[in-house]
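Reader: I am new to this structure and should like to understand the reasoning behind the terms used for it. Would you take me through them?

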Amino acid sequence: MSLQPEKPRYRPYTGAAAGWGALRSVAHSWLDSEQPLKNLRALLKTNQNGGFDCPGCAWGDSPEDGTVKFCENGAKAVNWEATTRRVDASFFARYSVSQLREQSDYWLEYQGRLTEPMRYDAASDHYQPIGWDAAFSLIAEHLKALDNPNQAEFYTSGRTSNEAAFLYQLFVRAYGSNNFPDCSNMCHEASGVALGESIGVGKGSVTFEDFAQADAIFILGQNPGTNHPRMLEPLREAVARGAQVVCFNPLKERGLERFQHPQHALEMLANGSAPLNTAFFRPALGGDMAAMRGIAKLLLFWEREAQSKGEPSVFDHAFIEQHTIGLDSYLAMLDATSWEDIEQQSDLDLVQLEQAARIYRNAERVIVCWAMGITQHRHSVATIQEITNLQLLRGNLGKPGAGLCPVRGHSNVQGDRTMGINERPPVALLDALENRFAFQVPRQSGHNVVEAIEAMLEGRSKVFIGLGGNFAQATPDSPRVHQALQQCALTVQISTKLNRSHLTVGRDALILPCLGRTDIDRQASGPQAVTVEDSFSMIHASHGQLEPLSPLMRSEPAIVAGIAKATLGMHPLDWEALIADYASIRRLIADTIPGFADFNQRLLSPGGFHLDNPAASRLWNTASGRASFMASPLPESLLDEAVRSTGELPDLTLQTLRSHDQYNTTIYGLDDRYRGVRGQRRVIFVNPVDIRRLGFEPGQQVDIQSLWNDGIERKVEGFTLLAFDIPPGQAAAYYPETNPLVPLTSVGIGSHTPTSKSVAIRLYAAQGNPLVAGTLTTAK
């Protein structure tokens, strides 16, 4: 982790996931933090009782005590946050905003922690110090000057704690708005919508313990080796005990192939590794719905065959009859879907689909996991409902070792939604807030991310407040998002480290430095804990371990309370008094959020406590009181009509993805170890056959343009072609560098999630960029 990256090169990676490579990477980030001894002590408290919750992913933890409960990327996240480097007043005096805009995202975050509140001065083009009270007053002045509360946007990152998120939604609703664009809108919104309609709750139904009891685990559109490395251990254990681990992913990610456990001394000394799957299928981008439809269609064929022969049923009829509706319509849809369409859209043949279907049929208990490779398509809601239909056919809900598992990204993205960060809030939540706090809550739907951007572009929204995250870079159609933010009267970024959003300023702009997960949070009653919710609905307490770099840094709850007090005074409660002891915030949560009764007391249990999931108990909070089979036709085409209507055929379909050295928009370094990329990020992975078909050569520089029929040119320049083992017709490249290619209006049906895994592109030879000789090799 250095600002002097090695010379760009590309060589296919042959090692196992984790292992020695992970240890070297952790050691590098640990030493680079500039306080290695303190950070080592902190790392050993990661995900431990009395320690802090990892600021990285939302994967849950095994309940037993362990010496080490963090992964490579978790260690990077901790060391990245727990640095001694400072971005203070002297830093901003040295660099103008224009100068900072010329730097890479990696360089910006590498500069260190934000340590004091700053206000942008347009005349000098520099940020200058501002006091906290003055900053809060400035925000209140802008909010009070708006014609109506819906002219402000209140963004939330998945890093935000339950306590901060609850205060934030309470403040915003007391102010009068439901404008809550948040990171859920860009990742698992489709999961929430689909599961809410199908089973009555928009969360996964499994626990960590279920993975040890599953006969088969299906993993769709997910790369756990990079995005959720702690998931590799239960997958390895499943294969070792004879369970089936079945992967559907266009890329043969190393984290789904082989794993070397860094905590197993003999395995490390022998440089051995264990397999992580028993079957691997490579569908077309967006073809997972057709693949699941094919499996279900085969189950139906076998069910009818069993009935005709008097053999045991394939379907779980007792479960279906007692707990579901809509089976007949769904079976009619299976009959109406042709094998030709299934094979064409999935890009899998009948032999492959039958192999997957037999594995599924032969397993009594099946877990299906998925991530962004499923949720960021136009038909993602229908795809997740097709996954759910498959599970309903065999009764794979509400029994140990079986269920649905959307694997969330950021560490508390699920908790934020539980706390009420929702632009379309459930009526029950609004009723509970109104009854507890005695004010009339806004009932109209607010803005999601895409709607917020459109409102800012059109001048309908004038204030943007970001509680964490990097909105300018995380969102699609980056130039338009930057324009939207710059048109605001005020932009406020509540952040730990410098990023591109701080440089995409409104006419007035503030940076408010907040404490991170690793920092000790001292308030009037003493050090405070905050809480988070993982992908398995476990609620954990998190206690910071390191002294903050500056007394001018404040906690997220304290910042939210300061804004609320300046804007609303004592309405609907004493905001400042809540911050003295976060237990008082948790009592309010217990009063209004289902499942949190006796919150403070239950939090004392080692490992926290589990939020009950009704669907896991076969209780269905749907209109019918039953789980619903949802019968949706396959998409007419995997190419959107806005692409087809351009009259051009794309060269390739692009998915955006993370490198192994990043988490969301945070770039830890310029390497992607598992894909063999060193010292560079502006690369595009393409099948060697496609490179030749399009008239290029490996290593050539290309410009990439996306196709969308709205008259806007979307183009990124100077990307190096890497010949890679990727299915023909597909391409992959890193975000946020390729976010400018994702059209703002290309969103999922019913979810409004940007379709970042399905971007139609054309490639052009870059002007003035010859082949890069001697630095690249071709993937075999």
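**Terms and the values behind them**

Author: Strand E21 and strand E22 (residues 538–543) are paired in the antiparallel sense over 5 bridges. The model is a predicted one.

Reader: What makes E21 and E22 a pair of strands?

Author: Two strands pair if at least two bridges are found between them. E21 and E22 share 5 bridges, so the requirement is met. Within this pairing, Val532 has His540 of E22 as its bridge partner. The sheet is open and has 3 strands in the order E21-E22-E23, with antiparallel pairing. Strand E21 (529–533) and strand E23 (609–610) are its edge strands, as each pairs on one side only. Helix H8 (residues 162–175) lies across E21 and E22, at about 85° to E21.

Reader: Why is H21 called oblique to H27?

Author: Helix H21 (residues 427–437) packs against helix H27 (residues 583–592) at an angle of about 125°, and their axes are 9 Å apart. Roughly perpendicular covers 65 to 115 degrees and roughly antiparallel begins over 145. The angle of about 125° falls in neither range, and therefore H21 is oblique to H27. The contact involves Ala432, Leu433, Arg436 and Phe437 of H21, together with Leu588, Asp591 and Thr592 of H27. By class, this contact of H21 with H27 comprises 4 nonpolar, 1 polar and 2 charged residues.

Reader: How do you know that Glu423 and Arg424 form a salt bridge?

Author: The closest N and O atoms of Glu423 and Arg424 are 3.1 Å apart. A salt bridge requires the side-chain nitrogen to be within 4 Å of the carboxyl oxygen, so this pair qualifies at 3.1 Å. Side chains of opposite charge can pair when their charged atoms come close. The structure holds 34 salt bridges.

Reader: Why does Glu423 count as buried, and why does Arg424 count as partly exposed?

Author: Buried means under 20% relative accessible area, and exposed means over 50%. Glu423 has 3% relative accessibility and therefore counts as buried. Arg424 has 39%, so it counts as partly exposed.

Reader: What makes the contact of Arg443 with Glu434 a salt bridge, and why is Glu434 called partly exposed?

Author: The N to O distance between the side chains of Arg443 and Glu434 is 3.4 Å, and the limit is 4 Å. Glu434 has a relative accessible area of 26% and is therefore partly exposed. Arg443 also counts as partly exposed, at 39% relative accessibility.

Reader: How do you know that the salt bridge of Asp651 and Arg762 links distant parts of the chain?

Author: The side chains of Asp651 and Arg762 meet in a salt bridge at 3.1 Å, N to O. Asp651 is in the loop between helix H29 (641–644) and strand E25 (652–657), whereas Arg762 is in strand E33 (residues 759–765); the two are 111 residues apart. Asp651 has 14% relative accessibility and so counts as buried.

Reader: Which residues are linked in a network of salt bridges?

Author: The network links Asp477, Arg480, Asp710 and Arg714.

Reader: What makes strand E16 mostly covered?

Author: In strand E16 (residues 463–467), 5 of its 5 residues are buried. Val463, Ile465 and Leu467 point one way, Phe464 and Gly466 the other way, and all are buried. Strand E7 (residues 152–156) pairs with E16 in the parallel sense over 5 bridges, and Phe154 stands opposite Ile465. E16 also pairs with strand E17 (residues 490–495) in the parallel sense over 5 bridges, with Leu467 opposite Ile494.

Terms used:
Residues numbered from 1 in each chain as written. Predicted model: local features only at pLDDT ≥ 70, side-chain atom pairs only at ≥ 80, totals over all residues. Heavy atoms only, no water. Buried < 20%, exposed > 50% of the residue type's maximum accessible area, 1.4 Å probe, protein only. Helix = DSSP H or I, 4+ residues; strand = E, 2+ residues; numbered from the N terminus. Contact = heavy atoms within 4.5 Å. Axes fitted to C-alpha atoms, helices over the stretch in contact; angles between N-to-C directions. Parallel < 35°, antiparallel > 145°, perpendicular 65-115°, else oblique. Nonpolar A, V, L, I, M, F, W, Y, C, P; charged D, E, K, R; others polar.
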